[in-house]
Amino acid sequence: MHIVSLSGSSSPRSRSRWLLQLAQTRLEGSASSSSVIAVRELPGGALIDADTRAEPIRRAIEHIQRADVVLVATPIYKAAYSGLLKLFLDLLPPDALRGKTVLPLATGGSLAHFLALDYALKPVLAALGARDILDGVYATDAQLAPHESGGFVPDAVLVERLERALQPLEPLHAEARCSA
């Protein structure tokens, strides 16, 4: 199982990026390979110009197309996923997520933006061909308390929701072991 993690945060140390890493870590034993695409590290000019011929953009799109599982993480701003993530998703071919399992992850200041996963992000993922969209995981700032090391400490309820969201990937893990 090839897993691609897509971070739509503009910050290198954001809660959404940390939640994405937590999910990816939980799947490490299941993955034959994994990669991370941090949209913030792609060339801004190429993103804005929709230049899919730019080498870093082309490679990122190829990673998505080769993936079996795509984890998509974003902070929620003003009840929507990040503009940075939008720039990248707009560059993907129309069927880029067809046949892939997708897990949307999001963070926000409060529960007020909880439904942004369902009404903003999931329709875009479906428009890109995703039909197997797992239950999204939304975390508030209070559920990811800052840690002195620079990371975050998830509360037990968040960890439980993440584990439940990842459960459908167990059959994929079993298939990967059987075919190896």
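**Exercise 1. Find which residue of strand 6 is the bridge partner of V102, then work out how strand 5 is paired.**

Step 1. Look across from V102: its bridge partner in strand 6 is I133. Strands here are DSSP runs of E with at least two residues, helices are runs of H or I with at least four residues, and both are numbered from the N terminus.

Before going on, a word on the model: it is predicted, so local features need pLDDT of at least 70 and side-chain atom pairs count only at pLDDT 80 or more, while totals for chains, interfaces and linings use all residues. Residues are numbered from 1 along each chain as its sequence is written, and side-chain values use heavy atoms, with hydrogens and water left out.

Step 2. Count the bridges to strand 6 (residues 132-133). There are 2 joining it to strand 5, and the two strands run parallel. Two strands pair if DSSP finds at least two bridges between them.

Step 3. Move on to strand 7 (residues 137-140), which also runs parallel to strand 5, with 4 bridges. One spot to check is G108, whose bridge partner in strand 7 is T140.

Step 4. Now try strand 3 (residues 69-77). It pairs with strand 5 in the parallel sense over 7 bridges, and L71 stands opposite L103 of strand 5.

**Exercise 2. Decide how many residues of strand 5 are buried, and which ones sit on each side.**

Step 1. Fix the cut-offs: buried is under 20% relative accessible area, exposed is over 50%, and partly exposed is in between, using a 1.4 Å probe and protein chains only.

Step 2. Run along strand 5 (residues 101-108): 8 of the 8 residues are buried, so the strand is largely enclosed by the rest of the structure.

Step 3. Split the strand by face. In a regular strand the side chains alternate between the two faces of the sheet. Here one side has T101, L103, L105 and T107, the other has V102, P104, A106 and G108, and all of them are buried.

**Exercise 3. Take S35 and V36: which relative accessible area does each have, and what does each touch?**

Step 1. Place them. S35 is in strand 2 (residues 33-38), and V36 lies in strand 2 too.

Step 2. Check the cover. S35 is buried at 13% relative accessible area, whereas V36 is partly exposed at 40%.

Step 3. List the contacts (heavy atoms within 4.5 Å), leaving aside neighbours within four places in sequence. S35 is in contact with H2, I3, V4, S5, Q24 and H63. For V36 the list is S5, R17 and Q24.

Step 4. Add a distance. V36 and H63 are 27 residues apart along the chain, and their C-alpha atoms are separated by 9.0 Å.

**Exercise 4. Work out what the phi angles of K78 and A79 are, and where the two residues lie.**

Step 1. Recall the background: most residues other than glycine have a negative phi.

Step 2. Read the angles. K78 isn't a glycine, yet its phi is positive at about 50°. A79, also not a glycine, has a positive phi of about 65°.

Step 3. Locate them. K78 is in the loop between strand 3 and strand 4 (80-81), and A79 lies in that loop as well.

Step 4. Compare the cover: K78 is exposed, with a relative accessible area of 80%, while A79 is partly exposed, with 23%.

**Exercise 5. Characterise Q65: is it buried or partly exposed, and which residues is it in contact with?**

Step 1. Q65 sits in helix 3 (residues 55-66), and it is partly exposed, with a relative accessible area of 42%.

Step 2. Leaving aside its neighbours within four places in sequence, Q65 is in contact with P93 and K100.

Step 3. Q65 and L6 are 59 residues apart in sequence, and their C-alpha atoms are 12 Å apart in space.

**Exercise 6. Zoom out and describe the fold in numbers.**

Step 1. The protein has 7 helices and 9 strands. Its radius of gyration is 16 Å, close to the 16 Å that the globule rule gives for 180 residues, so the protein is as compact as a globular protein of that length. That radius is taken over C-alpha atoms, and the rule is 2.2 Å times the number of residues to the power 0.38.

Step 2. Buried residues make up 46% of the 180 residues.

Step 3. Among contacts between residues at least 6 apart in sequence, 78% join residues at least 24 apart.

Notes
Contact = heavy atoms within 4.5 Å.
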